[in-house]
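Hi,

Here is the structure I said I would pass on. Have a look at it first, and then read my notes below.

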Amino acid sequence: MQDTGNTVERLTTELETAHRRIAALESARQECLHTGNALQESEERLRFALEGANDGLWDANLKTDEFYMSRRGCAILGYTQEEVRENAKIWKDLVYRDDLAATTERLADYLEGRAEIFQVEQRLKTKSGGLKWVLTRGKAVEFDEAGNPLRMTGTHTDISARKEAEEALKQSEARYRMLVDCAGDAIYLADGEGRLVDVNSTAQSQTQFTREELLRMRIADVDAEYDHESTQKMLAGLDGTGGEVFQTRHRRKDGSTFPVEVRVVALELAGRTVFMGIARDITERQNMQEVLIQTEKMISVGGLAAGMAHEINNPLGGILQSVQVLRRRLTEDSPANLQAARDAGCSLQGIREFMDNRGILAFLDNVRDAGTRATRIVSSMLEFSRKSEPVRTATDVNGLLDDTVALCATEYNLKKKYDFRKIPMERDYAPDLPQLPCSRPQIQQVVMNILGNAAHALAGSPSPRITLRTRRDDGFVRIEIQDNGPGMDDAVRRKIFEPFFTTKPVGEGTGLGLSVSYFIVTSNHRGTLEVNSDPGQGSTFTIRLPLEPGPAGQQA
């Protein structure tokens, strides 16, 4: 009986233990069900969040190459989940070949601990054969015993629209930069403090500064005539419509300056006001204006010259003839003179002595010299006003220059304060120069006038030198006459071709030599005559004569 009681007691204990285990198992089962529901709910929330964010979810097994992609991720590339599931290694083929290196590098950075997250912008292939820009982000979620990643999970974000916008912006900026750099005018962008924030290539070529140098500068560093007060006042008055236009001088890197016309407008850029200045180099325009002014002077003076010359010629001829008769009657022992002196009760010799003592004969010589000089002026005025077509012949320009130098040597050495033959003459002639159709006497006169002025400028120079140079210049023959004299400043250079302007002392120049030369070259031969000179740097006169002559009176 005692054994039976022990058995019942043991069975009862085991039964209670079994009930407790069953209860524990039920509790564990309920907990698992709760955890599964929670996990399912979490996954559902994540899926809805990702779909709401327009992102795709991916999961990659790095050991087996198995690849999972969410429905949204598949839709981004045009695949179904079944197509992705059936092709387990498809993820290796999705990356566009040009982006594969960058993707591999970013993945290596993450796996080797150099980056906290795997992230890359890449192009993935779509089912239709196109490409989609995708931002791929992911992390490892499973590791082996050695800590090596076994599984990665992440997201795909379609960024094609952003990339297209960025590409459009890049193309727009490239077009803007191309248009700005191709502009013939310099373009400057400056902030309200006058600091340069952008320039184009023309600004660099005009100023000879690099882009980096200009972007470290201010407007005042470029504008040689910059005035802070007036500039600020002008900028404050800009209303964004037509802007302001003014002329100033810009500074080159070597310190020289050049004239520019600047238009300034105010712009709104990235929420701030900037000022754009468009600067046009007007050096050629100013030179052309000088030529036009000179031409207008030639035309106006030419009309006056003809009338004045004819009006002066008649009384001048009478004066010179009368002076000649007076001197002959006072100095020659002609029968008529001797008889007139006897009739007056004096000798002709006594009259001569009186004339010498009172300097009357010298005065008569002065009148004759002045009249002769006036005659030359009138002759130059008539030449200046003459509109006739010159007789052109084929001329060897190099030979013409040599003949003119020889003629100058005989004409000037006895009359002037310098000996033309003692001025070294360097010749730099083009050997293959074609024959030039021109009026040889007129062009010779032009060269003589310029050489005479050069010789006058070189008087007293310790080492005078004149260089004659000829070249073929497109459809022209170019003649350069260069000296190493004192040169000219801008004020003299601008007036050098004006009628009656001269730097020589009174009595040594008429002021018509270069005016007549200018007229002969530009009007009679349709060429150009220019001078380039700076103080202390000598002067260079450049004559350009066309190889194909046209009607007189027209400039080339």
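Of the chain's 556 residues, 35% count as buried. Keep in mind as you read that this is a predicted model. The chain exposes about 33,000 Å², and carbon and sulfur atoms supply 52% of that area. You'll find 18 helices and 17 strands in the chain. If you take the contacts with a separation of 6 or more, 57% of them are between residues 24 or more positions apart.

Now for one of the sheets. It is open, has five strands and runs in the order β7-β6-β10-β9-β8, with antiparallel pairing. Its edge strands are β7 (196-199) and β8 (244-251), each of which pairs on one side only. On average, neighbouring strands of this sheet are turned by 30° against each other, direction ignored. To see one pairing in detail, look at β6 (residues 186-190), which pairs with β7 in the antiparallel sense over three bridges. There, Ala190 has Leu196 in β7 as its bridge partner.

Next, the charged side chains. Side chains of opposite charge can pair when their charged atoms come close. A search of the whole structure turns up 30 salt bridges, and I picked out three pairs for you.

The side chains of Arg123 and Asp99 form a salt bridge at 2.9 Å, N to O. That pair links distant parts of the chain, with Arg123 in strand β3 (residues 118-125) and Asp99 in helix α5 (residues 97-111), 24 residues apart. Asp99 is buried, at a relative accessible area of 8%, while Arg123 is partly exposed at 22%.

Asp333 makes a salt bridge with Arg352, and the closest N and O atoms are 1.9 Å apart. Here Asp333 sits in the loop between α11 (283-331) and α12 (335-343), and Arg352 is in helix α13 (residues 348-358), 19 residues apart. Is each partner buried or exposed? Asp333 counts as exposed, with 52% relative accessibility, whereas Arg352 is buried, with a relative accessible area of 16%.

In the third pair, the side chains of Asp473 and Arg544 meet in a salt bridge (3.2 Å, N to O). Asp473 lies in strand β14 (residues 466-473) and Arg544 in strand β17 (residues 539-546), so this pair ties together parts 71 residues apart in sequence. Asp473 is buried, with a relative accessible area of 19%, and Arg544 is partly exposed at 21% relative accessibility. Both belong to one network, in which salt bridges that share partners join Asp428, Arg469, Arg471, Asp473, Arg478, Glu480 and Arg544.

Best wishes

How values were computed. Residues are numbered from 1 along each chain as its sequence is written. This is a predicted model: local features need pLDDT of at least 70, side-chain atom pairs count only at pLDDT 80 or more; totals for chains, interfaces and linings use all residues. Side-chain values use heavy atoms; hydrogens and water are left out. Helices (H or I, at least four residues) and strands (E, at least two) are DSSP runs, numbered from the N terminus. Buried means under 20% relative accessible area, exposed over 50%, partly exposed in between (1.4 Å probe, protein chains only). Contact means heavy atoms within 4.5 Å. Accessible areas come from the Shrake-Rupley method with a 1.4 Å probe; for residues, only the protein chains shown count as cover. Two strands pair if DSSP finds at least two bridges between them. Axes are lines fitted to C-alpha atoms, for helices over the stretch in contact, and angles run from 0 to 180 degrees between N-to-C directions. A salt bridge is a side-chain nitrogen of Lys or Arg within 4 Å of a carboxyl oxygen of Asp or Glu.
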